[in-house]
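Open the model in your viewer and keep the sequence panel visible. The stops below are given in order, each with a selection to make.

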Amino acid sequence: MQSSSPKYIFQHSNPKPLPAKSIFITDTHIHELYPNLFKGTRTIVFRPGEEHKTQETVQYITKELLQFEAHRKTTIVGIGGGIVTDIAGYAASTYMRGLPFGFMPTTLLGMVDAAIGGKNGVNYGLHKNLVGTINQPGFIIFDTAFLETLPDHEWSNGFAEVIKYACLFDSALFDELNRNDIRYYRNNKEALNTLIQICVQWKTKIVNEDEHENGNRKLLNFGHTAGHAIETLYHMPHGQAVAIGMIIACNIAEKELGADVSIGQKLALLLSKYDLPATFDFNVQEVINVLTMDKKRNDTGIEYILLKNIGEACITLLSFSSIEQALVSTKNGSNH
Ligand code: ADP
Ligand code: ZN
């Protein structure tokens, strides 16, 4: 069971000024895009980008919290994409051994994935999220009005995670996504809100069953093992790297589980409707080198998430050599 469930609020309102008594954490983009929102508040602002998801930023936030005289009863609210909410949750969890905190995700990826589940933390060098905590926010406010300013590639990033839930758990969702495309959801608020709520339900269900990732929460790493390696090595946007990672996993599943070739083919087609890639010219050896440093590896290999079918996933321990073979076939674009 999960330690304590956050309260969820779904809304679509043009963001109104925030209450003065909390302390807000955001990045410079959001701060500049929504100046009225932060007027008269105590707000800590840091520069956007994965390279700022570091202990140095947490130290800066800690210094600012001290300056604002934050105490054990002060609520911290992270407003932004996954980087902001991950850092805000971590800073709030460690300052004075923990302050109450909540999130307002402003990206699609944040709403369907990053803000949910209580994983907070920072990177260390090439190691993504190496240092962090699992601590649930008190509340999450899903305000889809923020998405009106979201750039194109950030929409695709979020859809990679939406497609991931469909592959893992929900073949009906996979079919629905296949009937539509990225432009349909961007122009149809109702369909988008429903889609976000479906994803929030899937992620919440998994986190409630397995908060500390001893079992089914591992499934959410589908596409993320090779995906993270490619993202780090080639500074690729998260969603694009996960898209390629999901295709690599399909190639592995064909060999390891005898999964049908059509699964990877359907996935590649679906990815293209959401402006996501299915192949990329990466260096196999470089990717393998990063995978051998993966925090989820053990002595013989890595636990890999594979699809038996669309909507049906399993966890399989794989050797590095079978992963290497699949990397070669993905790079060459075989089958798909
Ligand atoms: P995620 O991990 O959710 O993709 P990031 O924290 O990496 O999010 O944010 C991605 C980028 O999008 C950052 O440059 C951030 O400042 C910007 N951003 C976040 N939300 C919005 C928004 N609603 N409108 C415009 N830009 C946004
Ligand atoms: Zn992800």
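Start by selecting N180, which sits in the loop between α7 (171–179) and α8 (182–187). Helices (H or I, at least four residues) and strands (E, at least two) are DSSP runs, numbered from the N terminus. N180 is buried, at a relative accessible area of 17%; buried means under 20% relative accessible area, exposed over 50%, and partly exposed in between (1.4 Å probe, protein chains only). Show the backbone of E176 as well: its oxygen is reached by the side chain of N180 at 3.1 Å.

Before moving on, note that this is a predicted model, in which local features need pLDDT of at least 70 and side-chain atom pairs count only at pLDDT 80 or more, while totals for chains, interfaces and linings use all residues. Residues are numbered from 1 along each chain as its sequence is written, chains are lettered from A and ligands numbered from 1 in the order in which they are written, and side-chain values use heavy atoms, with hydrogens and water left out.

Next, select ligand 1 and the residues near it, that is, those with a heavy atom within 4 Å. There are 17 residues around ligand 1, and D27, G82, T106, T107 and T149 come nearest. By type, this shell holds eight nonpolar, seven polar and two charged residues. Here Ala, Val, Leu, Ile, Met, Phe, Trp, Tyr, Cys and Pro count as nonpolar, Asp, Glu, Lys and Arg as charged, and the others, Gly among them, as polar. Colour α1 (28–33), α4 (82–94) and α5 (108–114), each of which supplies at least two residues of the shell. The largest share, three residues, comes from α1.

Now display the side chains of H29, T106 and T107. Which atoms of ligand 1 do T106 and T107 approach? For T106, a side-chain N or O atom is 2.7 Å from a nitrogen atom of ligand 1. For T107, a polar side-chain atom lies 2.7 Å from an oxygen atom of the ligand. An N or O atom in the side chain of H29 is 2.8 Å from an oxygen atom of ligand 1. Taken alone, ligand 1 exposes 570 Å², and the protein buries 86% of that; accessible areas come from the Shrake-Rupley method with a 1.4 Å probe, and for residues only the protein chains shown count as cover.

For the next stop, select F159, I163, L177 and I323, the residues with the most contacts inside the largest nonpolar core, which has 96 residues. Such a core is a set of buried Ala, Val, Leu, Ile, Met, Phe, Trp, Tyr and Cys residues joined through side-chain atoms within 4.5 Å. Helix α11 (residues 238–256) gives the most to this core, with 11 residues. Domain 1 (7–149) and domain 2 (153–333) both contribute residues, so the core lies between them; the domain bounds come from an automatic or database domain assignment.

Then go to H153 in helix α6 (residues 152–169). H153 is partly exposed, with a relative accessible area of 46%.

Finish with two loop residues whose phi is positive although they are not glycine.

- R97, in the loop between α4 and β5 (101–105), has phi near 60 degrees and is exposed, at 79% relative accessible area.
- D275, in the loop between α12 (261–273) and α13 (284–291), has phi near 55 degrees and is partly exposed, at 42%.

Notes: A polar contact is a pair of N or O atoms within 3.5 Å; within protein, one must be able to donate a hydrogen and the other to accept it, and residues adjacent in sequence count only if both atoms are side-chain atoms.
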